[in-house]
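Reader: I would like to learn how to read a ligand site and a surface patch. Please take me through them one at a time.

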Amino acid sequence: MTPIGPGGTVGILGGGQLARMLALEARRMGYRVAIQDPDPHAAGMVLADHRVVGSLGDLAAATELAACSDVITLDTEHVPIEVLEHLSVTRPVRPGGPVLRVIQDRLEQRRFIASLDIAQTAYSSIEHAADLERAISVPAVLKTRRAGYDGKGQVRVSEAVELAAAWDALGRAPAVLESFVDFAKEISVLLARGTDGQIVFYPLAENEHRRHVLHLSRAPARVSPDIQDLARWIGARIATALGHVGMLAVELFLTHDDRLLVNEIAPRTHNSGHYTFGGCVTSQFEQHLRAVCGLPLGDPTLLRPAVMINLLGDLWAAGPPRWDLLLAHPGAQLHLYGKRDPSSGRKMGHVLVLDADADAASAAISESLGRL
Ligand code: AMP
C-alpha cells in the first residue's frame with residue numbers, strides 16, 4: 001500500500017490526552033490532524049486542524065471526519081463498531097472493526113486470549129443472577145464487559161456474600177468476574193505493528209496503580225530476561241492474531257512463581273508508554289502514526305532509565321500544584337493536557353524523569369509528590 005506521507009491528514013476518533021500527544025507528534029512531522037469528540041474543549045481538540053464536535057457514535061460527524069482524513073485512528077477503544085465499519089468503506093481505519101470487536105467486550109477479550117493459549121486470570125461470565133452462584137471463588141474483581149476504564153465499572157469483592165451487591169452496584173450489566181491476583185508486579189509490554197506485519201518492541205514498563213488508576217511507570221522494568229522474552233512473545237502473538245496495525249499494550253501480572261497473566265489489551269497508545277515520549281528515540285505517538293500511515297517503524301531505544309508519574313486532578317485541590325517541587329529534578333519533563341476541570345481522579349498531565357539511576361529518579365519524584 002502507498003504510505004500516507006506528511007501533508008496528509010490523520011483523523012482521530014476521540015479527543016483525550018492520547019489524541020493530544022498524537023496530534024503534537026503529527027504536527028511536528030508535518031501532518032494535519034482532524035479530531036472528533038463530543039467536547040469542543042477536549043484535550044486534543046485545541047491542537048486539531050479540523051474539529052468535528054459529535055459523540056463517537058454520531059455517524060454523520062464521523063462521515064465529516066472521514067471526508068477530511070486520509071486515515072482514521074482512535075484515542076479510545078470505545079467507538080461503536082458500526083461507525084468503524086462504515087468509515088472503513090472509504091478510508092483505512094487502523095485499528096479497525098475486527099480488532100475492536102474483540103477488545104471492547106471483556107468477555108470476548110478473555111475468550112480470545114484463551115484461544116491463543118496465553119495464560120490469564122481465571123474468570124466467569126456474569127449475565128444472570130444465577131451465574132453469581134456458579135462463578136469462580138472470591139477474592140475477585142467484578143468488571144462490566146463494556147465501557148470500563150481506569151477502575152470505572154469495577155468492584156473488588158472479598159466475600160461471596162458481597163457478590164450480589166457488587167453486581168447491583170454495576171447496574172446488573174453483563175460482567176466478568178475475575179480472580180483477584182496477588183501479583184508480585186504489574187508490567188506492560190508495548191509494541192507497534194506495521195501494515196507489513198513487522199513488530200517493534202519498547203522496553204517493558206513496570207507499573208504501580210493506586211485505586212485501580214495508573215500512578216507510576218518505570219522503564220526498563222526490573223524483570224528477568226526470560227520474563228521479558230515471554231512478555232514479548234505474548235504481545236506479538238496477540239497483535240498478530242488480531243491483525244492489529246499501530247501501537248498495542250498488553251497489561252500483565254507477574255506472579256510470585258514467575259508466571260505472566262494477561263490482565264488487559266489496549267489496541268492503541270497507552271498511559272504506561274508515556275515514558276517513550278521524551279524517553280525513547282521514537283515516542284509511542286510517532287510510532288503509532290508511522291504504523292497507521294504505512295511508514296517504516298522507528299527506533300524504540302530508551303535513551304536513559306525513565307520514571308513517569310501521573311498528575312491527577314486531586315493535586316489541584318488547593319490550587320495549581322507547586323511546579324518548582326515537581327520539576328526539582330533536572331531531568332524532569334512536564335506534560336500537561338490542557339484540561340480545564342481538575343476533578344478528583346482525572347488525568348491532568350504527567351511528569352517524566354530521566355536519570356541514569358532510575359531508583360534515584362523514582363525516589364526524587366515520590367518525595368516531591370509527598371511534599372505536595
Ligand atoms: P483494569 O482496568 O482491568 O486494567 O484494572 C486496573 C487495575 O486494577 C489493574 O492494573 C490492577 O492494579 C487492578 N486489578 C484489576 N484486575 C485485577 C485482578 N484480577 N487482580 C488484581 N488486581 C487487579
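**Strand, patch and ligand site**

Author: Leucine 336 sits in strand S16 (residues 332–336). Strands here are DSSP runs of E, at least two residues, numbered from the N terminus. The model is predicted: local features need pLDDT of at least 70, side-chain atom pairs pLDDT 80 or more, while totals for chains, interfaces and linings use all residues. Residues are numbered from 1 along each chain as its sequence is written, and side-chain values use heavy atoms, without hydrogens and water.

Reader: Why does leucine 336 count as partly exposed?

Author: Buried means under 20% relative accessible area, exposed over 50%, and partly exposed in between (1.4 Å probe, protein chains only). Leucine 336 is partly exposed because its relative accessibility is 36%.

Reader: Which residues make the nonpolar surface patch?

Author: Patch members have over 30% relative accessible area and no salt bridge (a side-chain nitrogen of Lys or Arg within 4 Å of a carboxyl oxygen of Asp or Glu). Nonpolar side chains are joined within 5 Å, like charges within 9 Å. Here Leu327, Leu334 and Leu336 form a patch of about 200 Å².

Reader: How many residues surround the ligand?

Author: A residue counts as near if one of its heavy atoms lies within 4 Å. The ligand has 17 around it, with Lys143, Gln154, Val181, Glu186 and His212 the closest.

Reader: Which atom of glutamine 154 lies 2.7 Å from an oxygen atom of the ligand?

Author: That is a polar side-chain atom of glutamine 154. For valine 181, a backbone N or O atom lies 2.8 Å from a ligand nitrogen.

Key. Polar contact = N/O pair within 3.5 Å; in protein donor to acceptor, adjacent residues only side chain to side chain. Areas by Shrake-Rupley, 256 points an atom, 1.4 Å probe, with all protein chains shown as cover. Helix = DSSP H or I, 4+ residues; strand = E, 2+ residues; numbered from the N terminus.
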